[in-house]
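Colleague: Please take a close look at one loop position in the model shown here, and then place that position in the setting of the rest of the chain. I would like a connected account that I can follow with the structure open beside me.

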Amino acid sequence: MELAGITKRFGEVVAVDSVDLTIDDGEFFALLGPSGCGKTTTLRMIAGLEFPTEGSLKIFGSETGTLPPNKRPVNTVFQDYALFPHMTVQANVAFGLKMRRVPKAQIATRVEEAISLVRLEGFGQRRSQQLSGGQRQRVALARALVNQPKVLLLDEPLGALDLKLRQEMQRELKALQREVGITFVFVTHDQEEALTMADRIGVMSEGELLQVGTPEEIYERPVNRFVADFIGQTNLLDAFVVSKDTVCLATGAHIPGPSDFSTGTQVAVCLRPERAELHPVDEVPADRPSVSGRLQGVTYLGNALVYTVDLEWMQLEVRREQQALGYRPSVGEAVAVSWDPDTVSVVRT
Ligand code: ATP
């Protein structure tokens with residue numbers, strides 16, 4: 001699927017701003033961004049529920065133009081499921097096929113297959129109002145899959161589920177996508193969800209597509225401050241570029257920080273809390289860059305501890321897994337925070 005220069009305006013509002021994106025066949029692609037960034041509008045344009053103001057959209061090489069939704073090889077699963085509450089699971093799943101006058105025998109087989117794909121065997125005769133949230137979600141999925149789409153569009157489909165069920169459904173959806181092998185385009189504002197499930201992620205902000213990459217690329221090499229901050233927890237240390245390999249922190253300290261930005265560019269050094277290390281102030285290994293401050297607090301997370309260090313010019317977080325706890329300073333103690341220079345990235349502010 002190819003989006004080239006896709007723009008959508010609603011009056012004065014530019015909901016989607018000149019997006020170029022290629023999604024490979026069979027890929028699990030997540031569109032990620034905060035509320036209002038334009039991800040739903042992008043999905044709706046792929047579905048044919050909105051038409052672009054500008055740009056071209058091709059699905060399997062053919063220009064979709066103004067093709068209506070039912071003439072596109074796509075199906076959409078929405079967050080609110082949109083099931084018929086009084087109908088049985090079977091009837092809900094069969095509905096689209098009946099409308100299209102698919103022969104009865106074929107409907108029965110396809111419905112049975114779709115129900116078994118989403119592991120709802122034995123629930124065919126239940127009414128959808130008698131199902132749990134997770135089960136309804138599965139019916140909504142079966143209802144889309146029964147049409148054998150080449151692309152499945154999912155708009156925050158797990159949004160209504162509680163955390164545990166959500167995590168379970170994330171694993172199931174990923175397994176299901178592998179099993180059916182079709183392209184999934186998944187919209188979410190939840191970065192963890194995108195990191196867990198997607199082969200690649202597109203991060204959006206204010207209508208623009210800021211970065212496209214694998215979860216690892218996006219997490220390890222964010223292109224700018226917004227992406228760094230939006231994906232996972234991070235410490236952003238303000239700095240400016242001194243040379244191709246060095247930046248200068250607000251403290252005046254020169255530290256390693258490779259970038260292609262020109263000298264003097266305002267940047268931030270992105271240091272993930274789990275990559276930072278705590279030391280007594282006079283015990284920092286000579287080959288590691290560091291900053292010093294005072295331990296302000298410790299947050300207990302069960303499997304990990306998060307130390308908040310006050311550097312006076314900013315606060316920094318250091319995360320330690322319980323089994324990897326070494327040095328355990330007390331609140332108020334002077335501490336140093338160091339890192340391996342290869343684990344940080346320098347981003348534009
Ligand atoms: P959310 O996660 O809250 O659904 P989103 O990232 O999916 O957000 P969109 O729904 O695509 O964002 O909206 C992008 C922008 O376009 C927003 O500013 C929204 O108010 C605006 N917008 C969306 N649909 C319309 C519409 N039909 N008419 C006018 N403005 C719209």
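Modeller: The position I would begin with is T263, which is in contact with V241 and V242 once its neighbours within four places in sequence are left aside. Please keep in mind throughout that this is a predicted model. T263 belongs to the loop that runs between β13 (254-256) and β14 (266-271), and with a relative accessibility of 61% T263 counts as exposed, because that value lies over the 50% cut-off. In the direction of D245, which is 18 residues away along the chain, the C-alpha atoms of T263 and D245 are separated by 10 Å.

Two strand residues may serve to set beside this loop position. S345 is found in strand β20, which covers residues 345-348, and S345 counts as buried because its relative accessible area of 8% falls under the 20% cut-off. Neighbours within four places in sequence aside, the residues in contact with S345 are E220, R221 and P222, together with A268, V269 and C270.

V203, for its part, sits in strand β9, residues 200-205, and is buried, with a relative accessibility of 0%. Not counting residues up to four places away in sequence, V203 touches a set of residues that includes L32, L209, L210, I218, F226, V227 and I231, and also E208 and Q211. Q191 lies twelve residues from V203 in sequence, and the C-alpha atoms of these two residues are 9.4 Å apart in space.

Turning to the N-terminal part, you will find an open sheet of four strands with antiparallel pairing, in the order β2-β1-β4-β5. Its edge strands, each of which pairs on one side only, are β2 (13-22) and β5 (62-63). Within this sheet, β1 (residues 2-10) and β4 (residues 54-59) are joined in the antiparallel sense over four bridges, and L3 stands opposite L57 in β4. Helix α1, residues 39-47, packs on the sheet and touches β1, β2 and β4, with a direction that makes about 115° with that of β1.

Helix α2 (residues 89-99) can be followed in a similar way, for its buried residues are V89, N92, V93, A94 and L97, and what covers them includes α3 (104-117) and α4 (133-145). After α2 comes R101, whose phi is positive, near 55°.

To return to the whole, the protein chain has eight helices and 20 strands, and its C-alpha atoms fill a box of roughly 80 × 45 × 30 Å along the principal axes. Of its 349 residues, 47% are buried, and S345 and V203 are both counted as buried, whereas T263 is counted as exposed. If one takes the contacts between residues at least 6 apart in sequence, 64% of them join residues at least 24 apart. The chain exposes about 16,800 Å², of which carbon and sulfur atoms supply 48%. As for charge, there are 36 positive and 45 negative side chains, and the centres of these two sets lie 11 Å apart.

Conventions. Residues numbered from 1 in each chain as written. Predicted model: local features only at pLDDT ≥ 70, side-chain atom pairs only at ≥ 80, totals over all residues. Heavy atoms only, no water. Helix = DSSP H or I, 4+ residues; strand = E, 2+ residues; numbered from the N terminus. Buried < 20%, exposed > 50% of the residue type's maximum accessible area, 1.4 Å probe, protein only. Contact = heavy atoms within 4.5 Å. Areas by Shrake-Rupley, 256 points an atom, 1.4 Å probe, with all protein chains shown as cover. Lys, Arg positive; Asp, Glu negative; His and termini not counted. Charge placed at Lys NZ, Arg CZ, Asp CG, Glu CD. Pairing = 2+ DSSP bridges. Axes fitted to C-alpha atoms, helices over the stretch in contact; angles between N-to-C directions.
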